Amino acid sequence: MSSLKKFFPIIFVLSLVKLCIQLLGNRNYGFHRDELLHLSVSEHLDWGFMEFPPLIGLLGKLSYWFFDYSLMGVRVFPTFAGVAILILCCLICIELGGKKQAILLSGICILAFLPFYRNHTLFQPVAFNQLFWTLGFYFFIRFINSENKKYIVYLGIALGLGLLNKYTMLIWAFGILVSILFYRKGRLFRNKWMYFSAILALVIFLPNIIWQIDHDFPIHKHLQALKEHQLEEINPWEFVLAQLGYPFTLLISILGIIGLFIDEKLKKYKSVAIACLVIFGLMWILKSKAYYVFGIYPVLFAAGSAKVSFIFSKKPVWIYAISTIVLMPSIYFIPEATPILSVENYIEYADLKQKNGRVELTSDYADMFGWEEQVKLVDSVYQGLNAAEQQKTVIWAENYGEAGAIKILGKKYDLPNPISRHGSFWTWGYGNKNAEIWISLGNEKQVLNGVFEDIKLIKTITHKYAVDEENIIPLYICRKPKIDIEDWWQQYKDHIYD
């Protein structure tokens, strides 16, 4: 505690900078399609969902209670996770023996690592996954320093909660287990508190395991679909090359790995380096997306910063110079990572050109546009029906982004909950099977022809900035279903991840 008080001003200023940048980005554009899904599941709280564990749903419910569905309010949660990661990084650096300059450099590394701005803007499990990884490393290092069993118990709690957030926490746990073999020759495996901690983590995670069993293990089907549609297309070297995109923070991380193995002051923490290498290697073998492994960087930033401070202990000015070199190149690129600029200013900043009435933004930014326009058009069609017709109407959206927009943004228009056959939306059912009027958003005509006799195109929705998938979106009014809706719904069970 005395160390924390001593270095509080540095940590506070670094955290404040992080918070301010994230808050600037949180206010711009609109909800990302993934955010709309995560908020949608929060209205169907359960111990699991078809795409992910339950924690994000609970956080979505909390954000609704505190902030309604405001963009700034929802994004406060990942922002706070990001600030907590920075604080933990600095605290880990203190545990590793770092002093003022090392703590500054470790915090600077968090500020300079551009992917964290994106990760800590969007309301997704990613930010919380990185937080639980970093928290787990912190407890592990505290245990190494103190041999106090309570930190092993805390580590188990972090593991259990992390598993309720994202299943990749299992890979982190595997890395830790392997690393324990190299900590005092595996002596920890003879410690009863380690097994108590493992059981505690299992108890916390158990409700989701039961949910998976009850629902025929949808995680298996989801991972298979993810592999077929995304991961199989990834060149294994892209995973490594993506890490090279941030050379200065990468160099600090590599110094951290080296220091943990060979530096006399850091060698007792070499099991942490082993855990990081195991996690990295396993993610690479599994053809993971590059950002899946970013949760190992805060502990490596802390170790690398401590190593740098040991090297330049007699010339601290060099540490300040290195901190500046690490941070300065990233400042210019922050608008590409989180939307601190208005879209007009971003287009000018990125020198984007309009072509055929469209401006091609990055995929993340493009996925924040077009949803409001879709909802407004659906509302105009729905309000054009009389009260009796509205009672017999179903709104059917093609994908989870469109369905999430109707479900979340549609609240201010008093639109009924939509249906969709995509992911978790499929589990929530088809609504009124005897509906006479169906408002179809995003479904192609050939799909509708197989379900309805009467199909009328109302409008094709275009948007200057929206992602290609959400541009030229058809809106139809359909009548006279010609098939049994319940059978049709059930037959799609094996295609909900398509």
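Trainee: Which residue in β6 is the bridge partner of L441?

Mentor: Start with the general idea: to read a sheet, follow which residue is paired with which. This is a predicted model, and in it L475 of β6 is the bridge partner of L441.

Trainee: Which residue of β6 is the bridge partner of S440?

Mentor: That is Y476. Both pairs belong to one strand pairing. Strand β4 covers residues 437-441 and strand β6 covers residues 473-481. They pair in the antiparallel sense, over five bridges.

Trainee: How many bridges join β5 to β6?

Mentor: Eight bridges, and β5 and β6 run antiparallel. One example to look up: I455 has C478 in β6 as its bridge partner.

Trainee: In what order do the strands of the sheet lie?

Mentor: Read the order across the sheet, not along the chain. Here four strands line up as β3-β4-β6-β5. The sheet is open, and its pairing is mixed. Two strands sit at the edges: β3 (393-397) and β5 (452-461), each paired on one side only. From one strand to the next, the twist averages 20 degrees.

Trainee: Which helix packs on the sheet, and which strands does it touch?

Mentor: Look for contacts first, then for direction. Helix α22, residues 400-408, packs on this sheet. It touches β3, β4 and β6. Its direction makes about 135 degrees with that of β3.

Trainee: Now salt bridges. How many does a search of the whole structure find?

Mentor: The search finds 18. For each one, ask which parts of the chain it joins. Take R33 and E469: their side chains meet in a salt bridge at 3.7 Å, N to O.

Trainee: Why does the pair of R33 and E469 tie together parts that are far along the sequence, 436 residues apart?

Mentor: Because R33 lies in helix α2 (residues 33-41), while E469 lies in the loop between β5 and β6. The pair therefore ties together parts that are 436 residues apart in sequence.

Trainee: Which residues is V178 in contact with, leaving aside neighbours within four places in sequence?

Mentor: I274 and V278. The idea is again to look past the local chain. V178 is found in helix α9, residues 169-180. I274 is 96 residues apart from V178 along the chain, yet their C-alpha atoms are separated by 7.7 Å.

Trainee: Let us turn to empty space. How many cavities of 30 Å³ or more does a search of the whole structure find?

Mentor: One. A cavity is closed: the probe fits but cannot get out. About 30 Å³ of space lies in the largest cavity.

Trainee: Which residues line the largest cavity?

Mentor: V126, N129, Q130, K166, Y291 and Y292. Sort them by character next. The lining divides into three nonpolar, two polar and one charged.

Trainee: How much space lies in the second largest pocket?

Mentor: About 330 Å³. A pocket, unlike a cavity, is an open set of points.

Trainee: Which residues lie nearest the centre of the second largest pocket?

Mentor: G30, F31, E372, L409 and K412, out of 18 lining residues. Then ask which element contributes. Helix α20, residues 371-383, gives the largest share of the lining, three residues. By character, the lining of this pocket has ten nonpolar, three polar and five charged residues.

Terms used. Residues are numbered from 1 along each chain as its sequence is written. This is a predicted model: local features need pLDDT of at least 70, side-chain atom pairs count only at pLDDT 80 or more; totals for chains, interfaces and linings use all residues. Side-chain values use heavy atoms; hydrogens and water are left out. On a 1 Å grid over the protein atoms alone, a cavity is a set of points where a 1.4 Å probe fits but cannot get out, and a pocket is an open set with protein on both sides within 12 Å along at least five of seven lines; lining residues have an atom within 4 Å of a point. Grid points are joined across faces, edges and corners, and a volume is the space filled by probe spheres set on the points. Ala, Val, Leu, Ile, Met, Phe, Trp, Tyr, Cys and Pro count as nonpolar, Asp, Glu, Lys and Arg as charged, and the others, Gly among them, as polar. Two strands pair if DSSP finds at least two bridges between them. Axes are lines fitted to C-alpha atoms, for helices over the stretch in contact, and angles run from 0 to 180 degrees between N-to-C directions. Contact means heavy atoms within 4.5 Å. A salt bridge is a side-chain nitrogen of Lys or Arg within 4 Å of a carboxyl oxygen of Asp or Glu.
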